Amino acid sequence: MDFTEPETVLNLKNIRDELVRMEDSIIFKFIERSHYATCPSVYKENHPGLEMPNFKGSFLDWALSNLEIAHSRIRRFESPDETPFFPDKIQKSFLPSVNYPQILAPYASEVNYNNKIKRVYIEKIIPLISKKDGDDKNNFGSVATRDIECLQSLSRRIHFGKFVAEAKFQSDIPLYTKLIEDKDVEGIMKNITNSAVEERILERLTKKAEVYGVDPTNKSGEKRITPEYLVKIYKEIVIPITKEVEVEYLMRRLEK
Ligand SMILES: O=C(O)C(=O)C[C@]1(C(=O)O)C=C[C@@H](O)C=C1
């Protein structure tokens, strides 16, 4: 897939292959985070002892927003597959712009589910993947660093829904035009859903977690990420939010 060549990006097989590759990076990032405790203090706004100077928000927000500011200066968010968690804070790149061809609709960057992704990650995913409950004050920085990697991988995966949606729109413009004109959200949801693909994803994840989630030379050793949790995260969070992204993107697709 090459973002300077639209036909490679809007090919549903290429998109799905890319989604499969992203599974591996998500699993490995979860495994990195699983070595630590939940560390609730990292996520609390202005938590006593963890307040950052001139900043309102959590320790994680401080780390993530400052990293995004640095990355925006080197063009990260000009790439159509990158979505910032702090779109109001990022800055203009000092590198010249890459002239990406317009692949997605002009409003695509406004379809941003990162607040929801961050909330669900903190509330639902961290308790599943952390090794134990509680704070570990020597590791707050490491935890925030691992969280950022997990969040960025989840965000990229989920917002890939925009490319899926555009590819599906292009594959049947009359059908989607009618559904959008009728504001038929349920009809769009039904048409973008492919249960066989979803089932294959969950089956593959079960196998991957069985292999990557334990030390293969010591199968009875401590599990780092279990098939059960990984499937739950994809089934209840990752795939449903990807579909929300697809539906929101499509609902606006006729905007001039
Ligand atoms: O592959 C697709 O067709 C997608 O729309 C992506 C995806 C997913 O999130 O993996 C979402 C909805 C479909 O039901 C199947 C899979």
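This tour moves from the whole chain to a series of residues to select in turn.

**The whole chain**

The model is predicted. Display the protein chain as a cartoon: its secondary structure amounts to 10 helices and 0 strands. Read from the N terminus, the order of elements is α-α-α-α-α-α-α-α-α-α.

Next, show the C-alpha trace alone and orient the view along the principal axes, where the span is about 55 × 45 × 30 Å. How does the radius of gyration of the protein chain agree with that of a compact globule? For 256 residues a compact globule would have a value near 18 Å, and the protein chain has 19 Å, so the two agree.

Colouring by relative accessibility will mark 45% of the 256 residues as buried. A contact map adds a view along the sequence: of the contacts between residues at least 6 apart, 72% join residues at least 24 apart. Switch to a surface representation, and about 13,400 Å² of the protein chain is exposed, with 51% of that supplied by carbon and sulfur atoms. For the charges, select the 40 positive and 41 negative side chains; the centres of these two sets lie 2 Å apart.

**Tyr249, in helix 10**

Select helix 10, residues 227–251, and within it Tyr249. Is this residue, Tyr249, buried or exposed? Tyr249 is buried, because its relative accessible area is 0%, and the cut-off for a buried residue is under 20%.

Now display the surroundings of Tyr249. Beyond its neighbours within four places in sequence, its contacts are Leu104, Ala105, Tyr107, Ala108, Val111, Lys162, Ala165 and Glu166. Two polar links deserve a distance label. The side chain of Tyr249 reaches the backbone nitrogen of Ala105 at 2.9 Å, and a polar contact of 2.5 Å joins the side chain of Tyr249 to that of Glu166. Tyr249 and Glu166 are 83 residues apart in sequence, yet their C-alpha atoms are 8.2 Å apart in space.

**Ser65, in helix 3**

Move to helix 3, residues 59–73, and select Ser65. Its relative accessibility of 1% is why Ser65 counts as buried. Which backbone oxygen lies 2.7 Å from a polar atom of the Ser65 side chain? It is the backbone oxygen of Asp61. With residues up to four places away in sequence set aside, Ser65 touches Phe55, Phe86 and Lys89.

**The loop between helix 4 and helix 5**

Go on to the loop that connects helix 4 (114–129) with helix 5 (140–159), where Asp135 is found. Ser130 also belongs to the loop between helix 4 and helix 5.

Begin with Ser130, which counts as buried because its relative accessibility is 11%. A polar atom of the Ser130 side chain lies 2.7 Å from the backbone oxygen of Ile126. Apart from residues up to four places away in sequence, Ser130 touches Arg33, Ser34, Tyr36, Ala37 and Thr38.

Then select Asp135, which is partly exposed because its relative accessible area is 41%. Its contacts, leaving aside neighbours within four places in sequence, are Cys39, Pro40, Ser41 and Phe140. One of these, Ser41, also makes a side-chain to side-chain polar contact with Asp135 at 2.4 Å. For a long distance label, pick the C-alpha atoms of Asp135 and Pro96: these residues are 39 apart along the chain, and the separation is 43 Å.

**The loop between helix 2 and helix 3**

From Asp135, step across to its contact Cys39. Cys39 is placed in the loop between helix 2 (12–33) and helix 3. Asn54 is in the loop between helix 2 and helix 3 as well.

Inspect the backbone torsions here. Cys39 is not a glycine, but its phi is positive, at about 55°. Asn54, likewise not a glycine, has a positive phi of about 55°.

Which of the two is buried, Cys39 or Asn54? Cys39 counts as buried because its relative accessibility is 0%, whereas Asn54 counts as exposed because its relative accessibility is 85%. The cut-off for an exposed residue is over 50%. The tour ends at this loop.

How values were computed
Residues are numbered from 1 along each chain as its sequence is written. This is a predicted model: local features need pLDDT of at least 70, side-chain atom pairs count only at pLDDT 80 or more; totals for chains, interfaces and linings use all residues. Side-chain values use heavy atoms; hydrogens and water are left out. Helices (H or I, at least four residues) and strands (E, at least two) are DSSP runs, numbered from the N terminus. The radius of gyration is taken over C-alpha atoms; the globule rule is 2.2 Å times the number of residues to the power 0.38. Buried means under 20% relative accessible area, exposed over 50%, partly exposed in between (1.4 Å probe, protein chains only). Contact means heavy atoms within 4.5 Å. Accessible areas come from the Shrake-Rupley method with a 1.4 Å probe; for residues, only the protein chains shown count as cover. Lys and Arg count as positive and Asp and Glu as negative; His and the chain ends are not counted. The place of a charge is taken as NZ of Lys, CZ of Arg, CG of Asp or CD of Glu. A polar contact is a pair of N or O atoms within 3.5 Å; within protein, one must be able to donate a hydrogen and the other to accept it, and residues adjacent in sequence count only if both atoms are side-chain atoms.
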